[in-house]
Amino acid sequence: MLTRERLRRGRDAGFTLIELVVTVAILGVIAVVLLGVVIQYLKVSGTTQARLAESTDQQFISAYWQNDVSSLGRRTFTPTDPSNPAPTAQSVYVGTTGPSNCGATVGTVVVAFAWGEYPVNASVSTAWTPTAQEVTYVRVGSSAPYSLKRVRCKDGVEGAPLTVAHNLTGTPTITCDATCTAGSPPNRVSMEFTVRDPSEPASTGYTTTVSADRRQG
């Protein structure tokens with residue numbers, strides 16, 4: 001009876017070596033599974049943050065692009081031709097600046113838009129004397145990642161460049177529904193570009209297109 005009591009107390013005093021080995025093995029398996037879940041979460045979280053950062057520029061640039069494209073439409077005044085006294089002139093310049101060379105010193109020109117703002121309630125002598133307006137989108141940087149800046153000029157006076165996109169992988173592509181550089185301005189102008197967050201190695205980049213329509217007239 002005494003021997004059985006001693007054996008029972010001995011078994012209750014702790015774990016056997018086999019029990020410890022099995023426990024450690026089970027904990028190791030659980031730790032590996034949990035570690036995999038944590039690593040996957042961090043990867044997904046980082047990719048999501050990178051995609052959000054990359055798509056932010058698309059939302060920011062869209063507002064400016066819509067306003068600029070809707071405004072374009074440069075005209076010349078030819079009073080000697082009563083049938084067409086104010087014909088349209090080239091208003092979109094792809095890869096080069098407009099008439100006032102707006103933004104040429106900022107970087108590599110992607111596209112430039114030109115139009116004229118006519119005075120309201122002007123006299124007959126000044127009614128056909130518009131204020132020349134130009135907006136140029138410029139790629140800045142000697143290598144990727146580039147930034148995209150918007151430069152606006154009024155009567156040839158250049159304003160401060162505004163950064164509208166970051167981390168571009170290359171030069172944006174400009175397309176139009178008609179010949180971009182024709183004397184008659186296109187009705188729709190689009191720009192496609194790719195941004196990639198350099199802080200997220202797993203990111204493959206975010207390619208997007210912004211489009212806008214010109215006001216008819």
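This note goes through the aromatic contacts of a predicted model.

1. A search covering the whole structure returns four aromatic pairs. One of them joins tryptophan 65 and phenylalanine 113, whose ring centres are 5.3 Å apart and whose planes meet at 70°, so the pair is classed as edge-to-face, given that planes over 60 degrees apart fall into that class.

2. In terms of the chain, this contact brings together distant parts: tryptophan 65 belongs to helix H2 (residues 17–71), while phenylalanine 113 belongs to strand E4 (residues 108–117), with the two positions 48 residues apart. Tryptophan 65 has a relative accessible area of 0% and is therefore buried, and phenylalanine 113, likewise with a relative accessible area of 0%, is buried as well, the cut-off for that term being under 20%.

3. Phenylalanine 113 also pairs with tyrosine 137, again in an edge-to-face arrangement, with 6.3 Å from centre to centre and 70° between the planes. Here too distant parts of the chain are linked, since phenylalanine 113 lies in strand E4 and tyrosine 137 in strand E5 (residues 131–140), 24 residues apart. Both phenylalanine 113 and tyrosine 137 are buried.

4. Taken together, the ring pairs connect Trp65, Phe113 and Tyr137 into a cluster, and phenylalanine 113 takes part both in the pair with tryptophan 65 and in the pair with tyrosine 137.

5. A contact of another kind involves a charge and a ring: the charged end of arginine 139 is placed over the ring of tyrosine 146, at 4.1 Å from the ring centre.

Conventions
Residues numbered from 1 in each chain as written. Predicted model: local features only at pLDDT ≥ 70, side-chain atom pairs only at ≥ 80, totals over all residues. Heavy atoms only, no water. Phe/Tyr/Trp six-rings, centres within 6.5 Å; stacked < 30°, edge-to-face > 60°. Helix = DSSP H or I, 4+ residues; strand = E, 2+ residues; numbered from the N terminus. Buried < 20%, exposed > 50% of the residue type's maximum accessible area, 1.4 Å probe, protein only. Lys NZ or Arg CZ within 6 Å of the ring centre and 35° of its normal.
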